[in-house]
Amino acid sequence: MGKCKIRLSSSQIIIYGFATVILFGALLLMLPISSKSGDYTPFLNCLFTATSAVCVTGLVVCDTAVHWSIFGQMVILILIQIGGMGVITVATVFSMASGKKISLMQRSTMQNAISAPQVGGIDQFIGFIVKGIIIIELLGATTMAPVFIRDYGIGKGIWMSVFHSVSAFCNAGFDIVDDGITYNSLMFYIDNPLINVVLMLLIIVGGIGFLTWRDICTNGIHFKRYRMQSKVILFVTAGLIIVPTVYFFFFEFYRLPMEKRIWGSLFQAVTPRTAGFNTLDLNEMSETGQMITSLLMLIGGAPGSTAGGMKVTTFAVMISSTVAVFCRRQNGRFFGRRLDDETVKNALTVFLIYVTLFFVGGMLISRIENIPLLTCMFESASAVGTAGLSLGITPELSCVSKIILLIQMFVGRVGGLTLIFATLPAAKNTLSKLPVEKIAVG
């Protein structure tokens, strides 16, 4: 009998790759050596932590600094790095390092994984990504080291510098600050300019995407030479940072001393890029501030970046298409270029997937746990957008609610379209078309 060869699509390879790494990471975290107490950690908690790390989310059910040993923290950091780079990217890097040639199937899968515009030049682009990641994370760790060494000593200070640099660049939001208060994130460093600036820069650089990096490195300050996608990403990202900063400064944190008010407002506008750190108590924000943060988390970062969410380009396409309707134009446009119909349809599909997951997940958790809906919606947005910001309810949730968040994190990271393409069969091409009939909308 001949062997039955199973052919997987690139979307299926991406999903199975993420799932395999998550499961392996969960098994490692279950080992007694992974916890400071030396005891086994329940499988669901390990699975939740591994999923949060690989999906670069940052939601936790165990305080990372308090519960996990150095070994456990190293496992989490490796999972974060793999998730930030992308499972397929890491696998391809190892394949290239071993001297193997990248097959056409691998190139196609890589193209989908990093949202590259074309298959050609993928191997050179991977080299560019790896070098960039190493340089940026080392610079981040080196710059923060003096502060952490001052507060925690040489050994632990260096480890904390490396951990937070990788976590920030990968937009993961895991922290190991041990200030005596569990789940306190980076509130101890709210008015430390160095930590704030370095972490924000790492978050933004990781969140704008590898393709945007290459545009910046290739064209420098010549903005007109950038690809349309890079222009849109930079323009929208700037807007999504500036506008919330102004709102937080004048309407949320106005009771704080000026220095904390400035740094807190800016940091809380940057971190919903799906980074998951916080320097202020999010429970002190108004419901309006919490909802604005939820929307920012849902939007997330750029395609082909370390960030999650439905992506700033999806948000931009939706806005542009809406403006086109208002202006009675046939297509949306950016910087003198029009958008094709397929891009608009994909954006609408992604938007509906994320909004549906956001609302359904939040309502289910609220019903199951009997917790106020807005609080659950915040947690749901954090999971779907792989942001990691929390109002503190995640560790106390039941197993069912944790599984809901776990699923949301996974879908949010691999992408709604990737999941659909992996599970549904491709439509057969046909030349025939159904007759057109108009339907009233609006």
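Of the 442 residues in the chain, 53% are buried in this predicted model. The secondary structure of the chain comprises 18 helices and two strands. Among contacts with a separation of 6 or more, 68% are accounted for by residues 24 or more positions apart. The accessible surface of the chain amounts to about 21,500 Å², and carbon and sulfur atoms contribute 66% of this area.

A nonpolar patch on the surface is formed by Phe 359, Val 360, Met 363, Leu 364, Ile 368, Leu 373 and Val 400. Together, these residues present about 600 Å² of accessible area. Helix α15, which spans residues 341-369, makes the greatest contribution to the nonpolar patch, supplying five residues. Phe 359 is located in helix α15. The relative accessibility of Phe 359 is 40%, and this residue is therefore classed as partly exposed, since that class lies between the limits of 20% for buried and 50% for exposed residues.

With respect to charged side chains, a search of the whole structure identified one salt bridge. This salt bridge links Arg 150 to Asp 151, with a distance of 2.9 Å between the closest N and O atoms. The two partners fall into separate accessibility classes: Arg 150 has a relative accessibility of 58% and so counts as exposed, whereas Asp 151, at 31%, counts as partly exposed.

Methods. Residues are numbered from 1 along each chain as its sequence is written. This is a predicted model: local features need pLDDT of at least 70, side-chain atom pairs count only at pLDDT 80 or more; totals for chains, interfaces and linings use all residues. Side-chain values use heavy atoms; hydrogens and water are left out. Patches are made of residues with over 30% relative accessible area and no salt bridge: like charges are joined within 9 Å, nonpolar side chains (Val, Leu, Ile, Met, Phe, Trp, Tyr) within 5 Å. Accessible areas come from the Shrake-Rupley method with a 1.4 Å probe; for residues, only the protein chains shown count as cover. A salt bridge is a side-chain nitrogen of Lys or Arg within 4 Å of a carboxyl oxygen of Asp or Glu. Helices (H or I, at least four residues) and strands (E, at least two) are DSSP runs, numbered from the N terminus. Buried means under 20% relative accessible area, exposed over 50%, partly exposed in between (1.4 Å probe, protein chains only). Contact means heavy atoms within 4.5 Å.
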